[in-house]
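My notebook is open and the viewer is loaded. I'll write down what I look up as I go.

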Amino acid sequence: MDVESPVLVIVDAANVVGSVPDGWWRDRKGAAERLRDRLAADGLPGRPTPVEIVLVVEGAARDVQSVPGVRVEPAAGSGDDRVVELVAGYPRRPRLVITSDRELRRRVTELGAEVTGPRAALG
C-alpha cells in the first residue's frame, strides 16, 4: 500500500444526501452541489490527515462539476458500480468509502477499502 499518498475518500453522493430528510428529492443536483461545496470548504470533518475527495454522482446530479478540493465522478450507470470501479482502480492507495448502502459496503471492503457512514461527510 502506498502510505505516502493521501487517503482517497470516495463519497456515494446519492446515499449521503439521501440520509438527511431536507427536501433533497426536489433538487437532486442542487443537493449534490451543496454536499460538494461543503466538502470543498470543510474537507472531511475530524480527519486531520490529507485526503483526496471524490464525489460519485448519478442520475439527475450527473452534471455536477468538480471544484478545487473535490473531484466529481459522474456514473454512466449505477453510482455503486462507479464507486467500486474507483476503489478497484487504486489498489495501492488507502481508500475510504462513505456510504450506508450495505451491498456497496460489502463490495468495497472485499477490495480492501475502509467504509464509514454518511455522518463522516456531514460532520
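**Helix α2 and its neighbours**

I started with the buried residues of α2 and asked what they pack against. The list I got is β1 (7-12), α1, β2 (51-57), β3 (70-74) and α5 (119-122). This is a predicted model, by the way, so I'm reading computed values throughout.

Next I wanted to know which residues of α2 are buried. They are Gly-30, Ala-31, Ala-32, Leu-35, Arg-36 and Leu-39. I noted that an arginine, Arg-36, is among them.

I picked out Gly-30, which sits in α2 (residues 28-42). Gly-30 counts as buried because its relative accessible area is 9%, and the cut-off for buried is under 20%. I also took a distance along the helix: from Gly-30 to Ala-40 is 10 residues in sequence and 15 Å in space, C-alpha to C-alpha.

Then I checked the span of the whole helix. α2 has 15 residues and covers 21 Å from its first C-alpha to its last. That is close to the 21 Å expected at 1.5 Å a residue. After α2 comes Gly-43, with a positive phi near 65°.

**The sheet**

I moved on to the strands. What is their order in the sheet? I read it off as β3-β2-β1-β4-β5, an open sheet of 5 strands with parallel pairing. β3 and β5 (114-116) are the edge strands, each pairing on one side only. The twist averages 25° from one strand to the next. A reminder to myself: strands of a sheet pair through backbone hydrogen bonds, either parallel or antiparallel.

Back to α2 for a moment. I found that α2 lies across β1, β2 and β3, and runs at about 180° to β2. α4 packs on the sheet too, where it touches β1, β4 and β5. The direction of α4 makes about 155° with that of β5.

I zoomed in on one strand pair. β4 and β5 run parallel and are joined by 3 bridges. Which residue of β5 is the bridge partner of Val-97? It is Val-115.

**The two ends of α4**

I looked at how α4 (residues 102-110) begins. Asp-101 caps the N-terminal end of α4, with a side-chain oxygen 3.1 Å from the backbone nitrogen of Glu-103. On the other side, α4 is followed by Gly-112, whose phi is positive, near 95°.

**Asn-15**

Asp-101 turned up again when I clicked on Asn-15, a residue of helix α1 (residues 13-17). Leaving aside neighbours within four places in sequence, Asn-15 is in contact with Thr-99, Ser-100, Asp-101 and Pro-118. One of these gets a polar atom of the Asn-15 side chain: the backbone nitrogen of Ser-100 lies 2.7 Å from it. Is Asn-15 buried or exposed? Its relative accessibility is 18%, so Asn-15 counts as buried.

**Salt bridges**

I finished with charges. Side chains of opposite charge can pair when their charged atoms come close. How many salt bridges does the structure hold? I got 9.

I wrote up three of them. Arg-93 forms a salt bridge with Glu-52, and the closest N and O atoms are 2.8 Å apart. This pair links distant parts of the chain: Arg-93 is in the loop between α3 (79-89) and β4 (95-98), Glu-52 is in strand β2, and 41 residues separate them. Arg-93 is buried, at 11% relative accessibility, while Glu-52 is partly exposed, at 24%.

The second is between the side chains of Arg-82 and Glu-85, at 2.9 Å from N to O. Arg-82 and Glu-85 are 3 residues apart in helix α3, so about one helical turn separates them. Glu-85 counts as partly exposed, with 45% relative accessibility.

The third brought me back to α4, where the side chains of Arg-106 and Glu-103 meet at 2.4 Å, N to O. Here too the spacing is 3 residues, which means about one helical turn between Arg-106 and Glu-103. Why does that spacing matter? An α-helix has 3.6 residues a turn, so residues three or four places apart point the same way. Arg-106 is partly exposed at 37%, and Glu-103 is partly exposed at 42%.

My last entry is a network. Salt bridges with shared partners join Glu-52, Arg-71, Glu-73, Arg-82, Glu-85 and Arg-93.

Key:
Residues are numbered from 1 along each chain as its sequence is written. This is a predicted model: local features need pLDDT of at least 70, side-chain atom pairs count only at pLDDT 80 or more; totals for chains, interfaces and linings use all residues. Side-chain values use heavy atoms; hydrogens and water are left out. A polar contact is a pair of N or O atoms within 3.5 Å; within protein, one must be able to donate a hydrogen and the other to accept it, and residues adjacent in sequence count only if both atoms are side-chain atoms. Helices (H or I, at least four residues) and strands (E, at least two) are DSSP runs, numbered from the N terminus. Buried means under 20% relative accessible area, exposed over 50%, partly exposed in between (1.4 Å probe, protein chains only). Contact means heavy atoms within 4.5 Å. The expected span of a helix is 1.5 Å times one less than its number of residues. A salt bridge is a side-chain nitrogen of Lys or Arg within 4 Å of a carboxyl oxygen of Asp or Glu. Two strands pair if DSSP finds at least two bridges between them. Axes are lines fitted to C-alpha atoms, for helices over the stretch in contact, and angles run from 0 to 180 degrees between N-to-C directions.
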